[in-house]
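Trainee: Could we go through this structure together? I should like to start with how its copies are arranged.

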Protein chains: 4
Amino acid sequence: MIRVSILGGSGYTGGELLRLLSFHPQVEIHQVTSQSHLGEYVHQVHPNLRKVNSLKFSDPGQLEPVDLLFLAVPHGEAQKKMDDFARLAPKVIDLSADFRLRDPVLYEKWYGQTHASPQWLSRFVYGLPEINREAIQQADYISGVGCNATASILALLPIMQAGIMDDSSPVTIEIKVGSSEGGASINDGSHHPERSGVIRTFSAFGHRHTAEVIQAFGIQKLWLTMTAVDLVRGALATAHLQLKSGIVMKDLWKAYRAVTQENPFLRLVNEKRGVYRVPEPKVLAGSNYADIGFAYDQENNHLVSICAIDNLMKGASGTAVQCMNLMMGWDEMAGLDFPGLHPV
Amino acid sequence: MIRVSILGGSGYTGGELLRLLSFHPQVEIHQVTSQSHLGEYVHQVHPNLRKVNSLKFSDPGQLEPVDLLFLAVPHGEAQKKMDDFARLAPKVIDLSADFRLRDPVLYEKWYGQTHASPQWLSRFVYGLPEINREAIQQADYISGVGCNATASILALLPIMQAGIMDDSSPVTIEIKVGSSEGGASINDGSHHPERSGVIRTFSAFGHRHTAEVIQAFGIQKLWLTMTAVDLVRGALATAHLQLKSGIVMKDLWKAYRAVTQENPFLRLVNEKRGVYRVPEPKVLAGSNYADIGFAYDQENNHLVSICAIDNLMKGASGTAVQCMNLMMGWDEMAGLDFPGLHPV
Amino acid sequence: MIRVSILGGSGYTGGELLRLLSFHPQVEIHQVTSQSHLGEYVHQVHPNLRKVNSLKFSDPGQLEPVDLLFLAVPHGEAQKKMDDFARLAPKVIDLSADFRLRDPVLYEKWYGQTHASPQWLSRFVYGLPEINREAIQQADYISGVGCNATASILALLPIMQAGIMDDSSPVTIEIKVGSSEGGASINDGSHHPERSGVIRTFSAFGHRHTAEVIQAFGIQKLWLTMTAVDLVRGALATAHLQLKSGIVMKDLWKAYRAVTQENPFLRLVNEKRGVYRVPEPKVLAGSNYADIGFAYDQENNHLVSICAIDNLMKGASGTAVQCMNLMMGWDEMAGLDFPGLHPV
Amino acid sequence: MIRVSILGGSGYTGGELLRLLSFHPQVEIHQVTSQSHLGEYVHQVHPNLRKVNSLKFSDPGQLEPVDLLFLAVPHGEAQKKMDDFARLAPKVIDLSADFRLRDPVLYEKWYGQTHASPQWLSRFVYGLPEINREAIQQADYISGVGCNATASILALLPIMQAGIMDDSSPVTIEIKVGSSEGGASINDGSHHPERSGVIRTFSAFGHRHTAEVIQAFGIQKLWLTMTAVDLVRGALATAHLQLKSGIVMKDLWKAYRAVTQENPFLRLVNEKRGVYRVPEPKVLAGSNYADIGFAYDQENNHLVSICAIDNLMKGASGTAVQCMNLMMGWDEMAGLDFPGLHPV
């Protein structure tokens, strides 16, 4: 049993951490902070937690020492006070984008500003167990993942691990996302009459999460395109790329089965019949599973690889808890057993 | 051909006026104002009007004289400057709540403040043609209607006109509404992740539109309950009440057919088969029709009467244009012929 | 640890039972049947269960003896073979409507047909713990609940338990429901282009679930009105009624607090600020909680009482598992700890 | 004034033809057929047409001679009886896929069956005015367009017309579509609880509409990927391709402006601020406009070109009416002036 606190609990990733940690068998939540909701019960912001968690939001300036600290504050905040946080807790998991990139030059290129604590970058491990499990098990400082990066990396993982991509192939990844990806802050575009029913390609290329995919696999020609659609939770990445010549379907089944067998939260979805033949995010809402699938135009060596996730779970808070489990030496799936709903 | 201007064109009712008047055969739009979008093309705010209307938003302080002025500004604004507006145009149609109630005491009771221009109240006609057609034809000053009041009044109209309600009956009207009813201003509750998929009873009783229904029919025991549901445009009023003893189905068919024959925008929907047996707002999006229907528990004299509208059309801008047509002696349906879509 | 089977696992209530029982600490699922999906993995129909439950659907004609049998077959099926089922299992929970009404005359009135096994009606206990907890604890045969009946009964429970309703008051309950209430069978009205965005009052009065509310409380003048809206899971009941004279707000707080304190799955939602001030079904998806709230027009003794549930959980499978827990003497909340999501 | 009939009026494209032609100033609808709804009023199937169109569905076997015949029957039907249809009307517009491809070999490759009337293929003109206007003006037989093909062709049109694509570039087009694209026939996947909230890549490559894009532009390496999302009407095509070296932003603005100036229903959407910066289908529901836009990664010569349409309008019935206007020498926009709604 360890004591953890959450800095920034009124946003969506903070809320999911609260939900998950409220039921985690080895964790006690010590503090959860919010400046704007100071003194309110957490269930006043996150109504699903009524009768489940009786905590009140406390002052972010009054953090007390704990065993592990989750940072769920806006991008740019954690890097300013990382020394302070490290004094409060021997282990820190930061869900923001601040420590995802190891290279300060890459950070500056994609985020348009100099990193405030470049010396901390190399001390953080990028917290995606499917590509970094062993390093995470050894780490004290874990960086959360970008949700679109997660879906993209996992869509590519079977191919990259099997080494069957044509290295000269450009990779185009189209990502369709729900509205929760934008966070809890309101804006003109998130107003329901404007956001309902959209198919809105809000980022044709140049999205910051691209850098995480580049860092993971070193792909040179890579474009991520982001399109907002009408659901709240969920992201689907559809990757288009060329395979090496000679690859046949059997190689692909082998490659995909390998990663889904090695990773408890990966599932292969590629059915011949029924309604659910391909990965779909809606049935993953609240779950930490990532569903992957593929279709292969063998005549042209063209592969379409698909990954569906809940952006707040596998794409943020779920993976953060999975990292905590690994850091602590616990069952990787502890506290993460909700499988999603059908229908939903 | 007359010249009209719209004060307040960046909101939802202003936008609908722009759409309707852009195609109205007897109207030329002279000015449309917006302080916050001053100088922008109207299509930058209302993207459906691109290539349709090339106007730019002008300064609300620089209104020029016209034949007819539409006021589409927030509640409370029109009553402060009504003398100025009357000098600019011989005919004024105000879509706000400022001049809907004839009695300043009633206004103060429901709006919680003293009316700024009580002398103007009696000069305005409540602009719902289905209950005020002749007065509107003679009027120079027309008040717009509340969308929930419109749906409620039209649900009750067949019964009240036929005089078959039990006068001692309490009337409970449950209204289900889309998100556009809240207007174009953003707030925490309209943020898509919070508003999507809701069934949210945001006003159990005491909604201001109740006063318009009371004024129309003099009902003593009347409760309107407002529940937000997941669509953008549309309102459905379901009224529950008791009829006088002895009323049979035939009387009801007669009462409902009478109002739908007398009023070009009312339609009776009461089918025995098919998907669309009852009034539904979704097929009315963009249309000025109001669909009404009923079900009758004859054993208990209990009537359920239903009215569906597009809250921005029949519940606001469509009815305003219909009133203009009547004031000008034109075809009541001019410029209002879009019937809605199926499917949608 | 007991062995249970589910007769009828490909529908929505069967699917929810599968999800819940897959994680229940004291239950082993022995068989789950489906004629139409015989031999398929359960995850081919319920994609959320992939990697969670490796069962295949078995033949409904090959049921084997178990400790407890859940019946999740269409209405009318269970009553024909109840003697057979009783031979297979000492305890039976039937989720259909077959054994909800104790009186065969009432059954015939509301269901339009003679009951096939009237002798079984008195042996079943209506399985809503909030009104029948002790009887359930003693029972071997439990009837599931109607989802709309559940929402209605729980909306009325605080008032009926406190005895503060005006007995002569008619009760009008407006229920707004999601599409999963119609079950897994397709029809013209459930086709997405026709069902999306609806506000469709498909039953103005006379819905069969009305009988369950009458049976629970003996109300004489009761109308349930059902309106389909755009979400998948969820039902909100809004009850309108008159209280005895002299009742004040303090009495209501006391009445509502009493039932939410006595019942682990009831929560009172009546906030002054924030987005979530009233009960809303969306945050309950997947959860067994029922959220209740109220608004009171004290001047007129008019009460609006509200209950939100997930129709597949508290309104069906969740309550069935809760009943199993009570029958077996286990923790009432065992296996039912998922609290719902925010945002969703 | 001409007389037209519609063979197959109960489906979605037939319903849209009915709506459009009911208001077309130069057309009288003579017959509209439906076997399954024979004798019913058209408004019983298309509720938006109540009080608008008083026709009843007639027998498809009793078609009478008219000036122009629209065929809105399922794929495969028109090719079997084309000689009969040609005897009934001097002009025919077929909305199915039967006569879209000029080459019977191409037809067989993509549709998997031999064409029943290959001699008719060369007599039909592919009815997309933006690439075939002059031929359409001279034609008596017009083939309708595939909705996804339309969105794809129009997304590529500015580039192909300007001749600035790198000819060796593979083209990947991701198309996101609403549920009406599947037509009015119900199936397990269109059941609302399963279809609501989906992001479902139902065709990774090999969709039949691909053939129309190949025919239009002769692209060799072309993949269309279809993903169903949660709305009813609308399709968004996002095309990814490489431009010739040396192309700069100014060239692109010129190319896109050229096609939007030459074609009355094309609009360029590429704004720097506001909510609606890129093409979005939701504001096009009911409209015949196609909105196009682009983003350009100049450093890598990588272009993302976007086109939004209403699949039932510009992608089917709207374009069919546009073709009729051109065939008859009328104003190309006659009867097609509804601009869509905002908000919606």
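Mentor: First, a term: copies are superposed by least squares on the C-alpha atoms of residues with pLDDT of at least 70 in both. This is a predicted model, in which local features need pLDDT of at least 70, side-chain atom pairs count only at pLDDT 80 or more, and totals for chains, interfaces and linings use all residues. Residues are numbered from 1 along each chain as its sequence is written, while chains are lettered from A and ligands numbered from 1 in the order in which they are written.

Trainee: What rotation superposes chain C on chain A?

Mentor: The rotation is 180°, with 0.0 Å of shift along its axis, and the RMSD is 0.0 Å. The two copies are therefore related as by a two-fold rotation axis.

Trainee: Which residue of chain C comes closest to the rotation axis?

Mentor: That is Phe338(C), whose C-alpha is at 3.8 Å from the axis.

Trainee: And how many residues does the contact take from each chain?

Mentor: Chain C gives 31 residues and chain A gives 31 residues; two residues are in contact if their C-beta atoms, placed from the backbone, lie within 7 Å. The same surface serves both copies, as 100% of the contact residues of chain C recur in chain A.

Trainee: Which elements of chain C give two or more residues to that side?

Mentor: They are helix H1 (12-23) and helix H2 (42-45) of chain C. Helices (H or I, at least four residues) and strands (E, at least two) are DSSP runs, numbered from the N terminus. The largest share, four residues, comes from H1(C).

Trainee: A change of topic: where is there a cis peptide bond in chain B?

Mentor: One joins His342(B) and Pro343(B), with omega about -5°. Pro343(B) sits in the segment after helix H11 (313-328) of chain B. In chain D, a cis peptide bond joins His342(D) and Pro343(D), again with omega about -5°.

Trainee: What is the phi of Asn301(C)?

Mentor: Asn301(C) has a positive phi of about 55°, although it is not a glycine. Its place is the loop between strand S12 (290-297) and strand S13 (302-309) of chain C.

Trainee: How many other C-beta atoms lie within 10 Å of Asn301(C)?

Mentor: There are 17, so Asn301(C) is partly exposed. A residue is buried if 20 or more other C-beta atoms lie within 10 Å of its own, exposed if 12 or fewer, and partly exposed in between, with C-beta atoms placed from the backbone.
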